[in-house]
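Look at the fold first, then at single residues. This report goes through both in turn.

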Amino acid sequence: MTIMHHEGYEARIDVDEEAGIFHGEIINLRDVVTFEGSSVEELKRAFAESVEDYLAFCAERGEEPEKPYSGQFMVRADPLLHRELASTAKREGISLNKLVTKILQRELREPVD
């Protein structure tokens with residue numbers, strides 16, 4: 001899988017070998033925004049146009065466009081796990097947020113079973 005970026009938006013790129021086209025979908029929005037191209041340059045152009053079309057569509061409807069993720073999210077955990085994480089963070093002299101971020105980063109870098 002290939003990822004492309006444009007103005008804070010991120011898209012996953014797939015290849016349809018039979019049709020000879022690249023297909024992209026913006027993945028850091030709840031809305032579904034797709035695009036395609038038969039070359040890398042065409043794909044980049046289509047991605048940029050899709051972002052601009054999305055922003056224009058939101059403006060026409062008087063809605064704020066969804067921004068790429070803020071970096072904040074709520075996690076619900078078993079109280080015992082919460083306690084263990086908080087204790088570990090204190091032992092390491094870091095915040096609970098920093099510890100959870102480190103664990104998530106490490107998990108994403110390791111191969112998924």
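How many bridges join β3 to β4? There are four bridges, and the two strands run antiparallel.

## About the model

This is a predicted model, so local features need pLDDT of at least 70, side-chain atom pairs count only at pLDDT 80 or more, and totals for chains, interfaces and linings use all residues. Residues are numbered from 1 along each chain as its sequence is written, and side-chain values use heavy atoms, with hydrogens and water left out.

## The sheet

Helices (H or I, at least four residues) and strands (E, at least two) are DSSP runs, numbered from the N terminus. Four strands make an open sheet here. Their order is β1-β2-β3-β4, and the pairing is antiparallel. Two strands pair if DSSP finds at least two bridges between them. In general, strands of a sheet pair through backbone hydrogen bonds, either parallel or antiparallel.

β1 (2–6) and β4 stand at the edges. Each has a single partner strand, so one side of each is left without a neighbour in the sheet. On average, neighbouring strands are turned by 30 degrees against each other, direction ignored.

## Strand β4 and its partners

Two bridge partners in β4 can be named. Histidine 23 is matched with glutamate 36. Glutamate 25 is matched with threonine 34.

The side chains along β4 alternate. Phe35 and Gly37 point to one face and are buried. Thr34 and Glu36 point to the other face and are not buried. Buried means under 20% relative accessible area, exposed means over 50%, and partly exposed is in between (1.4 Å probe, protein chains only).

## Helix across the sheet

Which strands does α1 lie across? The helix lies across β1, β2, β3 and β4. It runs at about 155 degrees to β4. Axes are lines fitted to C-alpha atoms, for helices over the stretch in contact, and angles run from 0 to 180 degrees between N-to-C directions.

The largest nonpolar core has 14 residues. Such a core is a set of buried Ala, Val, Leu, Ile, Met, Phe, Trp, Tyr and Cys residues joined through side-chain atoms within 4.5 Å. Tyr9, Ile26, Phe35 and Phe47 touch the most other members. β2 and α1 each supply at least two residues of this core. Its largest share, six residues, comes from α1.

## Aromatic pairs

A search of the whole structure finds two aromatic pairs. Rings of Phe, Tyr and Trp (its six-membered ring) pair if their centres lie within 6.5 Å; planes under 30 degrees apart count as stacked, over 60 as edge-to-face and the rest as tilted. Tyrosine 9 and tyrosine 54 have ring centres 6.3 Å apart and planes at 75 degrees, so this pair is edge-to-face. It links distant parts of the chain: tyrosine 9 is in strand β2 (residues 9–16), and tyrosine 54 is in helix α1 (residues 40–60), 45 residues apart. Both tyrosine 9 and tyrosine 54 are buried.

Phenylalanine 35 and phenylalanine 47 form a stacked pair. Their centres are 4.9 Å apart, with 5 degrees between the planes. Phenylalanine 35 is in strand β4 (residues 34–37) and phenylalanine 47 is in helix α1, twelve residues apart. Both phenylalanine 35 and phenylalanine 47 are buried. Contact means heavy atoms within 4.5 Å. Leaving aside neighbours within four places in sequence, phenylalanine 47 is in contact with residues including Met4, Tyr9, Ile26 and Phe35.

## Two loop residues

Is asparagine 28 buried or exposed? At 7% relative accessibility, it counts as buried. Asparagine 28 sits in the loop between β3 (21–26) and β4. A polar atom of its side chain lies 3.0 Å from the backbone oxygen of glycine 8. The backbone nitrogen of glutamate 10 also lies 3.0 Å from a polar atom of the asparagine 28 side chain.

Glutamate 7 lies in the loop between β1 and β2. At 54% relative accessibility, glutamate 7 counts as exposed. Its phi is positive, about 50 degrees, although glutamate 7 is not a glycine.

## Threonine 88

Threonine 88 is found in helix α2 (residues 79–92). Its side chain makes a polar contact with the side chain of arginine 91 (3.0 Å). A polar contact is a pair of N or O atoms within 3.5 Å; within protein, one must be able to donate a hydrogen and the other to accept it, and residues adjacent in sequence count only if both atoms are side-chain atoms.
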